[in-house]
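Reader: I am new to this structure and would like to learn how to read its features one by one. Could you take me through them, giving the general idea before each case?

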Protein chains: 2
Amino acid sequence: MGKTDEMKWSTLYSSRVASMGHSDVAEMLKLSERPEVISFAGGLPDPAVFLLDEIKDIFQEVLRERGRAALGYGPTQGIGPFREWLAERMTGASRPTRVTECLVTTGGIAAVDLICKVLLDPGDVVIVGEPSYLAALHVIRSYQGRFAGVPLDGEGMEPDALASVIGELKNRSLRPKFIYLVPSFQNPSGVTIPEDRRRKIVEIAAQNHVPVVEDAAYRDLRFEGEAPPLLASLDPLNVIHINTLSKTFNPGIRIGWVTGPEPLIETLALAKQGQDQCSTTIGQYAALAFATKGLIDRQITRSVEIYARKRDAMLAALDKYFPEEARWTRPEGGFYAWITLAGKIDTEALLPVCIEAASVAFGAGPSFYHNRQGKEHMRLCYSYVPEEQIEEGIRRLGALLSGIMIGETP
Amino acid sequence: MGKTDEMKWSTLYSSRVASMGHSDVAEMLKLSERPEVISFAGGLPDPAVFLLDEIKDIFQEVLRERGRAALGYGPTQGIGPFREWLAERMTGASRPTRVTECLVTTGGIAAVDLICKVLLDPGDVVIVGEPSYLAALHVIRSYQGRFAGVPLDGEGMEPDALASVIGELKNRSLRPKFIYLVPSFQNPSGVTIPEDRRRKIVEIAAQNHVPVVEDAAYRDLRFEGEAPPLLASLDPLNVIHINTLSKTFNPGIRIGWVTGPEPLIETLALAKQGQDQCSTTIGQYAALAFATKGLIDRQITRSVEIYARKRDAMLAALDKYFPEEARWTRPEGGFYAWITLAGKIDTEALLPVCIEAASVAFGAGPSFYHNRQGKEHMRLCYSYVPEEQIEEGIRRLGALLSGIMIGETP
């Protein structure tokens, strides 16, 4: 039955299934699950950051105070008081926001899904960084979007390079539908776009009538230095801001949001009617209680402590064990360091070998490229792996890489 | 700014936005919210059915026993033990099911969204009943599907009519991608397809290589009589079964599922990576605890008691107050009765008048028709309105209708 059955279904599939390809996310999560493997692959929060006791109390409180209202359907846009809190939070981040400019979503990727549903026809162009967040690439592929890539450097997307890509598209009569960016502690590179570049990027985008989608998933996890302004604060009319509570509350509850101009938010809400109707009611009330008790801030403090220590452990181990030809980013926050190896190493080919020979996993570069380039790169996530395993994992990985560089077969 | 801004965004929209039209669901829910209105419009559960104290205990238990694992990301397909429970439940309903044939979704509509994402290219044909569940119509429209309608009678979809629609499509070289059905206590008509028709429908579907999507959202809410078999039990290889815990646990938690052949489930999971990555972890653990403690069954018993009384109150009031030209279904379960009025009444035009003049709301027929026909019909939902308001609401509505029939202007 297996084969015939598979063939039968595949004849029914939409053309977007072929565009989706396979899932790098699912494969990375699987690698993270094998107990003997030290995994720098999946981009997961450390469970130690969750405020378990406080969350227990909050669920009791929500069910006691909101009662059965916490269990029914909620409005598609999100429950009123939670949207009010979102509007206040965005206003506090210098993006003055009305409640009607906020839409609650079922996590951050659901927000990207809605934006693509509303903006992309097959063949439409989206501008992305090289590299980019792989789940966002997956969503764009699933809407049969085409990519125009802009290479990133140590300060993220370079404005002149962006302008020239937009110019080339214009010469081919193509108007990109949006620019997708993770401006702070980018996934996968860990780099942050500084303020001057942010100002230039939103200016170029506005001049060319191309909206910017700003994914701020990691922004609150800053270990040191000053936060540059939100893109959404620099151009509220042309920036679609998306965010998630997965890092500042927990991912198990599935809450994210979009902030943007009201006409767009209304259309996204219409699309959400056909995505999941509404996001979790009890979860939104719990998130609201968590936020208003100051626990988001407390969790951020705890997270920054834990992740900064892990980042330090990883950077120290990289200095100690990685071959001198290798280069890496030094993230000021977030989950990821990004490694550039000598050109002859193919990280995609290396990954299965590395898991077998060294029991270490990482994110291979091509997973993060719209065009599957970037074989000389790897993403190392320090957030999830136990702190005491970081040095050993990097030591093994470094030994393997050094061996390859001098011509050993691993 | 308003107008310009709206125009600016609309030039960026995908062609599917035009297909989506406006949202009948959102408007119906809004009508249900006005406190002075007796609303038979929204298809909501009675909050009294929720087992609030038990749910409070379960959240404590889950956070105590599963700890931080309940707060992290879960697998895209759903957490293992919950999928095992789903597989057992489906097997118990005579559809022998492996865990790998189950995918957890963020409610029932998210399942329809995934199915359309995987199966529909723009212009692809879906066979639906006349009338049909309006949110499913919205999803299909958002994927730019085309509709082929099959009129329903008091026993749901008539197999010969289905066969002839498929035949006509075949003559035009069109192969429908699937048939969408709510076989038990259909939304909106309240009718249930009897066993002999079910057998014929799945046979016709299989002969013509057209899968059936069986939406079993209301099936467990049977007040009387014997349940006919699941379509999925009659043809496990060709029926995609979707279901939700919104009626048997609560909608605030957002959990549904799809059961179907494994190759399809894998592709739906790939699509879910780009929809919301995973459904709520804490919610799945809570649902599992609720189910294994026998509380789903207890909630079903309680729901059936409450909804059967409300159904009885509505049918009695309809007999007493509705004009004799009107006809209606007598549902054996679920949330809805379906009214057929004399041809000269246009329920869509009547609705705003009725809310103003009589403070009563209902679902206007055209909302449930892919082609916006059905003006002579209305859906009356008895599940949500307080029992003591049912007679008064139907009395007012009946008086208004009787007046129109003798030529009064309401």
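Author: Let us begin with overall size: the radius of gyration is taken over C-alpha atoms, and the globule rule is 2.2 Å times the number of residues to the power 0.38. With 410 residues, chain A would have a radius of gyration near 22 Å as a compact globule, and its value of 21 Å agrees with this. Along the principal axes, the C-alpha atoms of chain A fill a box of roughly 65 × 60 × 55 Å. Please keep in mind that this is a predicted model, in which local features need pLDDT of at least 70 and side-chain atom pairs count only at pLDDT 80 or more, while totals for chains, interfaces and linings use all residues. Residues are numbered from 1 along each chain as its sequence is written, and chains are lettered from A and ligands numbered from 1 in the order in which they are written.

Reader: How many helices and strands are there in chain A?

Author: Helices (H or I, at least four residues) and strands (E, at least two) are DSSP runs, numbered from the N terminus. Chain A has 15 helices and 14 strands.

Reader: Where in chain A does Pro131(A) lie, and what is the peptide bond before it like?

Author: Pro131(A) is found in the loop between strand 3 (125–130) and helix 7 (134–142) of chain A, and the peptide bond that joins Glu130(A) to Pro131(A) is cis, with omega near 10 degrees. Another cis peptide bond runs from Asn187(A) to Pro188(A), with omega near 20 degrees, and Pro188(A) sits in the loop between strand 6 (178–181) and helix 9 (195–207).

Reader: Is Arg254(B) buried or exposed?

Author: A residue is buried if 20 or more other C-beta atoms, placed from the backbone, lie within 10 Å of its own, exposed if 12 or fewer, and partly exposed in between. Arg254(B) counts as buried because it has 31 C-beta neighbours inside 10 Å; although Arg254(B) is not a glycine, its phi is positive, at about 65 degrees.

Reader: How are the two copies related?

Author: Two copies of a chain are related by a rotation about an axis and a shift along it. Here copies are superposed by least squares on the C-alpha atoms of residues with pLDDT of at least 70 in both. A turn of 180 degrees and a shift of 0.0 Å along the axis lay chain A on chain B with an RMSD of 0.0 Å. The two copies are therefore related as by a two-fold rotation axis. Among the residues of chain A, Phe59(A) comes closest to the rotation axis, at 3.4 Å (C-alpha).
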